[in-house]
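Good morning, colleagues. Please take a moment with the sequence and the structure before I begin.

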Amino acid sequence: RILLSYLNGLSDLVFKGLHTENAQNLARTKENQWNELRIIRAIQQGVKPYYQPSGRTTRVFGMGDSILGLSKDVRHALTGDVWAEMDLKNAQFAIYASEFDIPEINDFLKAGGESWKYLAEKMDVELTPINKHWLKRSLYGTGLGASQHEGLKKNGDVRESIEKQLKNLPGGTLGKWFAIPFVRLLWDKRQ
């Protein structure tokens with residue numbers, strides 16, 4: 001609730017002075033230019049992002065047309081070098097490393113390791129968007145003790161839930177998953 005209040009309470013002034021002409025020129029080169037240009041027009045009219053809770057998780061999502069709906073390169077053309085961009089690709093590993101005090105994962109991340117690439121390599125699968133989806137679901141089950149839609153479970157049920165996710169990966173098995181050193185560390189720490 002604090003995050004939602006903060007984000008939804010940001011002043012409209014934060015979104016003034018954006019480089020709309022640069023963004024429009026780039027958007028016109030896109031296959032989905034109609035959508036990109038529609039969002040840019042909404043931003044020009046003063047539409048700032050508003051967020052809502054996801055319902056079953058602690059995540060928040062943007063509502064309606066806003067800067068959040070632009071492709072990354074158009075969004076960057078719009079904001080120029082004024083706004084900082086952040087990539088949360090290792091956030092889940094970092095959260096688990098902190099929450100469960102796993103220094104090995106912290107060291108891995110500090111050395112520039114990439115969590116999803118690491119998991120894909122250990123599971124011997126290509127890091128495609130669909131494989132990444134199943135890796136995420138398996139990692140969430142391992143770290144949180146639940147699948148995203150099923151709520152908290154007992155350990156035996158959690159293993160079954162993770163196994164269901166892994167079956168969507170080529171050659172994905174519980175044995176292979178729990179043989180991954182960081183997965184095993186996380187599982188042991190959350191017990």
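**Helices, buried faces and unusual backbone angles**

Let me begin at the end of one helix: α6 is followed by Gly 112, and the phi of Gly 112 is positive, near 95 degrees. Please keep in mind throughout that this is a predicted model.

I shall stay with α6 for a moment. Which residues of α6 are buried? They are Ile 105, Phe 108 and Leu 109. Viewed along the axis of α6, these buried residues fall within an arc of 95 degrees, so they line one face of the helix. The cover over the buried residues of α6 includes α5, α7 and α11.

Now the chain as a whole. It has eleven helices and four strands. The C-alpha trace spans about 55 × 35 × 30 Å along its principal axes. Of the 191 residues, 37% count as buried. If one takes the contacts between residues at least 6 apart in sequence, 58% of them join residues at least 24 apart.

Next, confidence. The average pLDDT of the chain is 85, and 92% of the residues score at least 70. Where is confidence lowest, and where is it highest? The lowest mean, 45, belongs to strand β4, residues 151–152, and the highest, 95, to helix α7, residues 115–123. Over residues 147–153 the pLDDT is below 50, and this stretch has 16 contacts in the model beyond near neighbours in sequence.

I turn to the packing of α7 against α8. Two packed helices are described by the angle between their axes and the distance between the axes. For α7 and helix α8, residues 129–144, the angle is about 95 degrees and the axes are 10 Å apart. Since angles of 65 to 115 degrees count as roughly perpendicular, α7 and α8 are therefore roughly perpendicular to each other. On the α7 side, the contact is made by Trp 116, Leu 119, Ala 120 and Met 123. On the α8 side, Lys 132, Leu 135, Lys 136 and Leu 139 take part. Sorted by class, the contact of α7 with α8 has six nonpolar, no polar and two charged residues.

Two residues of this contact also meet Gln 92. Gln 92 is found in helix α5, residues 91–99. Is Gln 92 buried or exposed? Its relative accessibility is 18%, so Gln 92 counts as buried, the cut-off being under 20%. Leaving aside residues up to four places away in sequence, Gln 92 touches Trp 116, Leu 139 and Tyr 140.

Let me move on to helix α11, residues 181–190, where Phe 182, Val 183, Leu 186, Trp 187 and Arg 190 are buried. Why do I speak of one face here? Seen down the axis of α11, the buried residues fall within an arc of 135 degrees, so they line one face of the helix.

Val 183 of helix α11 merits a closer look. With a relative accessibility of 1%, Val 183 counts as buried. Not counting residues up to four places away in sequence, Val 183 touches Leu 119, Thr 142, Trp 177 and Phe 178. Leu 119 is also one of the α7 residues in the contact with α8. As for Asp 107, that residue and Val 183 are 76 residues apart in sequence and 15 Å apart in space, C-alpha to C-alpha.

Helix α2, residues 20–27, is my next case. Its buried residues are Thr 20, Ala 23, Gln 24 and Ala 27. They cover an arc of only 100 degrees around the axis, which puts them on the same side of α2. Among the elements covering the buried residues of α2 are α3, residues 33–44, and α4, residues 72–79.

I close with two loop residues and their backbone angles. Most residues other than glycine have a negative phi. Asp 101, although not a glycine, has a positive phi of about 50 degrees. Asp 101 lies in the loop between α5 and α6 and is exposed, with a relative accessible area of 52%. What is the phi of Asp 124? It is near 60 degrees, again a positive value in a residue other than glycine. Asp 124 lies in the loop between α7 and α8, and with a relative accessible area of 63%, Asp 124 is exposed.

How values were computed. Residues are numbered from 1 along each chain as its sequence is written. This is a predicted model: local features need pLDDT of at least 70, side-chain atom pairs count only at pLDDT 80 or more; totals for chains, interfaces and linings use all residues. Side-chain values use heavy atoms; hydrogens and water are left out. Buried means under 20% relative accessible area, exposed over 50%, partly exposed in between (1.4 Å probe, protein chains only). Helices (H or I, at least four residues) and strands (E, at least two) are DSSP runs, numbered from the N terminus. The arc is that of the directions from the helix axis to the C-beta atoms. pLDDT is the predictor's confidence in each residue, from 0 to 100. Contact means heavy atoms within 4.5 Å. Axes are lines fitted to C-alpha atoms, for helices over the stretch in contact, and angles run from 0 to 180 degrees between N-to-C directions. Angles under 35 degrees count as roughly parallel, over 145 as roughly antiparallel, 65 to 115 as roughly perpendicular and the rest as oblique. Ala, Val, Leu, Ile, Met, Phe, Trp, Tyr, Cys and Pro count as nonpolar, Asp, Glu, Lys and Arg as charged, and the others, Gly among them, as polar.
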